[in-house]
Amino acid sequence: MKAMHDPVRVLQIAEKAVREAGALMKEKAGRPETVETKTNAHDLVTEVDRRCEELISGRIREAFPSDFVLGEETVARHGGIRAVLDAGIDHLWIADPIDGTTNFVAGIPFFCASLAYAYRGTIQVGVIYHPHLDELFTAVRNRGAFVNGQKLAVARTASLRDSILATGFPSGEFHRAVNARGLGQLIPKCRNIRTMGSAALHLAYVAAGRITGFWENNLNPWDLAAGALLVSEAGGRVTDTQGGPYTLAVSHVAATNGLIHEELLRHLREASATGLE
Ligand code: IPD
Ligand code: CA
Ligand code: CA
């Protein structure tokens, strides 16, 4: 089927999927049976990540049997992210079954399920579910962003000096060092910085106006797709760290309320922390 799915139906399915995954991860938090490393010692996966992804993909397949799911735990089977993004898939779902696995394993209740639906490469629907607070963040393109049905708007903070920023540390050593440079540069320039361990929730918090801006290098489409739509639908700005437009292929990201965006990018450039050098 070539036409775009009805976004209301997509949202219903997405909500059901992330709520079910959320219930499972909440139940298993701090006590997964197997913890394995993937690319290196910073990169964890558990049987719960895999089960949550199966659960999410299953819900999507029941409703839309011919759609494709780009999921963190199964992407390797499909030749990697680039191969999937280049395949020209009409109906693409992008799933991070647990965003914040390190927190999940440690029993720190700050992790979520993140799911987006893109039609011909443009994200149309995004949902992020934080089970411990029972917060469901939702966005539909051109229809706004919400948390538990309440409309979201980004913070009105006009300067970096009054901003709370967030960042994170991806698994690759090179990009951890790049992000650390950004952190060093920005700590004296803003009110404070948070690194709470879930890129998707950081983005949802930018959309909710709880934090003013977020940046991180070397993320993947499943970390970003739903949250990027939330931020733009809440009136914020999402670009790569050089200021280029956000697409599913972007991995070095800056997402803010818009008002502090240029200031944030300027500091990242000054600290050689844009990830692209
Ligand atoms: C990670 C989290 C973390 C971020 C890492 C991501 P995962 O995702 O979003 O906050 O700093 O870069 O890889 O591995 O828990 O899905
Ligand atoms: Ca993730
Ligand atoms: Ca994950």
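**Close-up 1. Strand E10 meets strand E12 in this predicted model.** E10 covers residues 164-166 and runs parallel to E12, with two bridges joining the pair. For a spot to zoom in on, try Leu 165, which stands opposite Gly 213 in E12.

**Close-up 2. Strand E12 and its antiparallel partner, E14.** Here four bridges do the joining, and E14 spans residues 253-256. Trp 215 sits opposite Ala 254 in E14. E12 itself (residues 213-216) is covered on both faces: Gly 213 and Trp 215 are buried on one side, and Phe 214 and Glu 216 are buried on the other.

**Close-up 3. The calcium ion (ligand 2) and its aspartates.** Asp 96, Asp 99 and Asp 223 are the protein donors, each through OD, at 2.1 to 2.2 Å from the ion. Along the chain, these donors follow the spacing D-x2-D-x123-D. Asp 96 and Asp 99 are both buried.

**Close-up 4. The calcium ion (ligand 3) and its mixed set of donors.** Glu 72 offers OE, Asp 96 offers OD and Ile 98 chips in with O, lying 2.1 to 2.3 Å from the ion. Their sequence spacing reads E-x23-D-x1-I. Glu 72 belongs to the loop between strand E3 (68-71) and helix H3 (81-85), while Asp 96 is in strand E4 (residues 91-99), so the pair links distant parts of the chain, 24 residues apart. Both Glu 72 and Asp 96 are buried.

**Close-up 5. Two calcium ions sharing Asp 96.** Put ligand 2 and ligand 3 in one frame and you'll find the ions 3.7 Å apart. Asp 96 coordinates both.

How values were computed. Residues numbered from 1 in each chain as written. Chains lettered and ligands numbered in written order. Predicted model: local features only at pLDDT ≥ 70, side-chain atom pairs only at ≥ 80, totals over all residues. Heavy atoms only, no water. Donors = N, O, S within 2.8 Å, 3.2 Å for Na, K, Ca; no water. Buried < 20%, exposed > 50% of the residue type's maximum accessible area, 1.4 Å probe, protein only. Pairing = 2+ DSSP bridges.
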